[in-house]
Each structure stands twice: as structure tokens, then as C-alpha cells.
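Here is a short note to help you find your way around a structure you have not met before. Keep the 3D view open as you read, and take the points in any order you like.

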Amino acid sequence: MLPPVPNPADFGVTSNYGFLSPALPLEVLPDPYYAEWEMIIGNLQPLILSKRLQSMVDHLPILSATHLQTEAEWRRAYVVLVFILHGYVWGGESPTERIPPQLTVPLFEVCERLELPPVATYAGVCLWNYKPIFSDEPATNLDNLACLQTFTGSLDEQWFYLVSVAIEARGAPSIPLMIRAITAARTGNTHTVTECLQRLAEIIDETSTLLQRMYENCDPYVFYNRIRPYLAGSKNMCDAGLPNGLLYDDGHNPEYRQYGGGSNAQSSLIQFFDIVLGVEHRPTGTSRGNEQNTEDGIKSRNSFIHEMRTYMPGPHRRFLEQIDSVANIRPFVEARRGNSALCIAYDACLAMLRVLRDKHITMVSRYIILQSRSARQPSHSANPSLPARNLATAAPTDKKKLRGTGGTALIPFLKQARDETGEPAIDAWARRLLSNGPADKNFASLSKVGEQPDGHLEVVGLCGTWTADENEGGICHW
Ligand code: HEM
Ligand SMILES: N[C@@H](CC(=O)c1ccccc1NC=O)C(=O)O
């Protein structure tokens, strides 16, 4: 007996909002019991600037989570506490190692309930941290979105989170769509699977378009020097001054713990794309063929991706596991290599996902790698305007140690992810077909993907032509 195809609604996942909270995130905790938390979070930037955040937190009463009632309240409490936590740790000139019980006691309760680690995850800074500007317009369009909280109060920081929120919203319809495809594949309904894959390719293409809008309002300097330090975790943070991680003091049993920082690798949507398409991130590669860490502590891509699931809200993690257990599209396509429309639709999805990852690699190069290089130049380090607090992202002297907030080795990791996306068994076949033009009129509305003579991957997408160029942004010099 085949396992049942999961119903997204059972996991709090909806077709309009996907993994974003279906009810709008709460802007304020309604119970006055939490008024002091709301006062702090409402003044987070002035408290950081005046260096008064820590003493405010240290003088709080130790509140419990017992006054939280609805799911939205639990989520709001998580957002409030993790923003205060990261402001507390990273808001000074050097990181503060000890987290007081005023934060740890309620945070542990909230995290246990939401099945999240006590650190600012993608759920805390993106999924549950947005509101519509105009309440009568959809809360999913980038032009109608605002953030509830930021560390810096900057437009750049808002935009950084909101691009991801918009991507989640744009990707949401792919979830019921692919549930339909999985169900159709079970009954051998090739036509429906093909249609769903064609639409999925369009959706992934649209997410690439949104990703590209990051450049509009998030300045790489501001991101790297002002925003990113607050997103850091406590794992492998020796260079930043946290050799043991953070000391979570609950007043009884203080213990050092290490967690990865916020990362879009914690987005369930992008993992969902990989899972339904059967993109396997092999446990081989950097990890010498097993699930172990590399010599310098960097995890294999496969184990990193799985670890990132433990940074997703419990129901979302379980949804991905369920989808994993029923994913059948790739073998379905592989068993029908003679069906050109089906194979091309499938390959178009992979190509779009690969383009998304290519765009992302360029972005990482511009927002992290190039910025870390200019931060190393003497003229900059002598510049008093460079934030003294930028410990989490301070350019390491050994460039091998440049890491993502999630703890990966950046480019090798991301390139591997990209490479594992684009090589389906049917790829060469589909390329040949594409270079001869569409073989099937059903395919006419789909994207064209082809390698250009100079090695560029050119994709005539539904929203324009993408050219994926590895050399852009200095990646090739890495
Ligand atoms: C300035 C913007 C961004 C920067 C600098 C950036 C940086 C990074 C880095 C360094 C990683 C490696 C994992 C880690 O160690 O954290 C990563 C992973 C990832 N990022 Fe981003 N990111 C940005 C925006 C985005 C956005 C908007 C998306 C939404 C699609 C995204 C999607 C991903 C995904 C899916 C991964 C996991 C790797 C993969 O599946 O290919 N990133 N990002
Ligand atoms: N991994 C990224 C950070 C990152 O992508 C991120 C972190 C917290 C919340 C959202 C994120 N991604 C995109 O909006 C970095 O290393 O800077």
C-alpha cells in the first residue's frame, strides 16, 4: 500500500500563503502581561544605539509562556524573543556570551511548543515577521509588504527579509499543484503531470525574478556590515569571540550551546522544490562519501540540508518528510523518456531551479565575498565609520574560513547545490530536442533552455531571458 499523499492543511501549509503564517502575524502580544517585552522590541534600535538593551533585559521579571493562547501569540512571542536575543548578543562592541534567564526561560518554553531551536531562524525573521502596508490589498505582493521587526531600522534590512517573504508567497501555489502531480502520477495521468510541471517551471522562474529584486533596495555594504552581524549564530563562532557558543543560563543549569544562524537554507519552499523534483543532494562530495563533517568542521551538503530542517517549525519539517516519502515525479518521468512534452516540462523545472541557484551564487558573491574583501583593505579598517561591532562577519584572514550564517563554506556548498540540481538522466536528450526546437505543440508555452557556445546557460523564461554566468561577480576568482 502506498502511503497517503499528505494534505498541506494538516501541516499549517496553505495554497495562498504556503509556509508563511496563513493568518497575518500578530503585531503586538495582546496580553498586558507581556507589555515590557513589547516595550523593548518596540524600541529595539534606540536601545541598541544607547547601549541600554542589556540592562533593560537584565531588569525584566522572568515571565512565563502561560499567558500565550493562540498559535499566532506563540509565534509573536518567538519573534519578539529572538530579536531581543540577537540584539542582546550582537548589539555591543563584542558579543555577549551569557543569555540571562529573563530570555532563556520563556524562550525555551516557546521553542519547545513551536519545535524550533532558541535562535533567530528564518521563521522568526521572515515567515512570521511581515504585514501588509494596505490591509485591503494582498499581503503577498512585494509592493504591499512591510516588516514587523528589524535590528537596524533600515530599509535595506526590511527589503532583505521581504524578498524572501514574497518568494514564499509566489511559490505557495506550487504546493497544491505538486500534490496534484504526485496524485496524478500514481494513476498514470501523464497529461496532468505534464501540465503541473509546466506550471511549476513558471513558478520557479517567477521566484528567480523576485530574487533578482534584492539589488533594488538592499545595499551589499549595508547588508554585510550592518545587518548580517545580527543574523549570526553561535556555532563555529570562535573567530567572532564565542569559542564555546552561547551560555544559556536558565537560573538552574547554565549550559553552553551552539546553533547555526538564520539562513534561507531553512526555507521549506526551496527544499520542497528539490524534494518533489527528486533533486538529490548526495551525501558524497565535500564529505568524503559519508555523512560526517569535513576536516574543518563543514558538513556535507546533504547533512546540512537535513540539519536545516530542524530549524524549521515542526509541522513544516514533518510536511517535507511526508512529501519525501511520496515523491514519485522523477521516476515517473524517467520511465517515460519517449514522452517529449513530459520530459521537457520536467527538465524545464530543473533548469529554472538551476538558474535560481546561479542567480543566488552571484548574489552571495556580491553581498558577502566582495564585501569581505573590501572589509580587509587597510583603508577600510582605518575608517572609523566601519562598525566596530562587526565581529560576526569580520573578514577572516584565512579565506577558506569565510562562512554562511548557516555555517557552510559558501561557494563550494552553493555550487554543489547548483550542480546537483541540473543533471537529470534525461538532460542530454532534452537539450538535443530543445536545440531542434519544440517537438510538441503542448510545449510551445514553455521555457527554452540551452547552453550557449561561450558556456553560458541561456534560458528563455516566461518573464524574460536569463543568462546564467558563473563568472559574474568575480565568482571564478574564488
Ligand atoms: C543578500 C541575500 C542573500 C545572501 C547573501 C545569501 C547567502 C546565502 C548563503 C551564504 C548560503 C549558504 C548557507 C549558509 O551557510 O547560510 C545560502 C543558502 C541558501 N540561500 Fe541564500 N542568501 C541570500 C538571499 C537568499 C534568498 C532571497 C533566497 C530565496 C530563494 C535564498 C535561498 C537560499 C537557499 C535555498 C539556500 C540553501 C542552499 C540551496 O538550497 O541552494 N537566499 N544563502
Ligand atoms: N545565509 C545568509 C543569510 C540569509 O540568507 C538569511 C538569514 C536570515 C534570514 C533570511 C536569510 N536569507 C534571505 O533572505 C548569510 O550567510 O548571510
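The points below go through some helix contacts, a sheet and a metal site.

1. A word on the source before we start: this is a predicted model. Please read every distance and angle below as a value computed from that model.

2. A good place to begin is helix α4, which covers residues 71-90, together with helix α5, residues 101-114. Their axes come within 10 Å and cross at roughly 135°. An angle of 65 to 115 degrees would count as roughly perpendicular and one over 145 as roughly antiparallel, so α4 is oblique to α5. The crossing of these two helices, α4 and α5, is left-handed.

3. If you zoom in on that pair, you will find a long list of residues on each side. From α4 come Glu71, Trp74, Arg75, Ala77, Tyr78, Leu81, Val82, Ile84, Leu85 and Tyr88. Facing them from α5 are Leu103, Pro106, Leu107, Glu109, Val110, Cys111, Arg113 and Leu114. Sorted by class, the contact of α4 with α5 holds 14 nonpolar residues and four charged ones, with no polar residue.

4. Helix α4 has another partner worth a look, helix α11 (residues 220-231). Here the axes come within 8 Å and cross at roughly 115°. Because of that angle, α4 is roughly perpendicular to α11. His86, Gly87 and Trp90 of α4 make the contact with Pro229, Tyr230 and Leu231 of α11. By class, four of these residues are nonpolar and two are polar, while none is charged.

5. How do the axes of α8 and α14 cross? Helix α8 (residues 174-186) and helix α14 (residues 314-326) have axes that come within 11 Å and cross at roughly 25°. Angles under 35 degrees count as roughly parallel, so that description fits α8 and α14. Their crossing is left-handed. Ile175, Ile179, Ile182 and Arg186 in α8 meet Phe319, Ile323 and Val326 in α14. This contact of α8 with α14 has six nonpolar residues, one charged and no polar.

6. Now for the strands. Three of them form an open sheet in the order β1-β4-β5, and the pairing is mixed. At the edges lie β1 (98-99) and β5 (255-257), each pairing on one side only. Strand β4, residues 246-248, pairs with β5 in the antiparallel sense over three bridges. To see one of the bridge pairs, look at Tyr248, whose partner in β5 is Glu255.

7. Last, the metal. Which protein residue is the donor to the iron atom of ligand 1? The single donor from the protein is His360, through its NE2 atom, 2.1 Å away from the iron. You will find His360 in helix α16, which spans residues 340-376.

Conventions. Residues are numbered from 1 along each chain as its sequence is written. Chains are lettered from A and ligands numbered from 1 in the order in which they are written. This is a predicted model: local features need pLDDT of at least 70, side-chain atom pairs count only at pLDDT 80 or more; totals for chains, interfaces and linings use all residues. Side-chain values use heavy atoms; hydrogens and water are left out. Axes are lines fitted to C-alpha atoms, for helices over the stretch in contact, and angles run from 0 to 180 degrees between N-to-C directions. Helices (H or I, at least four residues) and strands (E, at least two) are DSSP runs, numbered from the N terminus. A crossing is left-handed if the near helix is turned anticlockwise from the far one by less than a right angle, and right-handed if clockwise. Contact means heavy atoms within 4.5 Å. Ala, Val, Leu, Ile, Met, Phe, Trp, Tyr, Cys and Pro count as nonpolar, Asp, Glu, Lys and Arg as charged, and the others, Gly among them, as polar. Donors are N, O and S atoms within 2.8 Å of the metal (3.2 Å for Na, K and Ca); water is not among the atoms, so sites may look incomplete. Two strands pair if DSSP finds at least two bridges between them.
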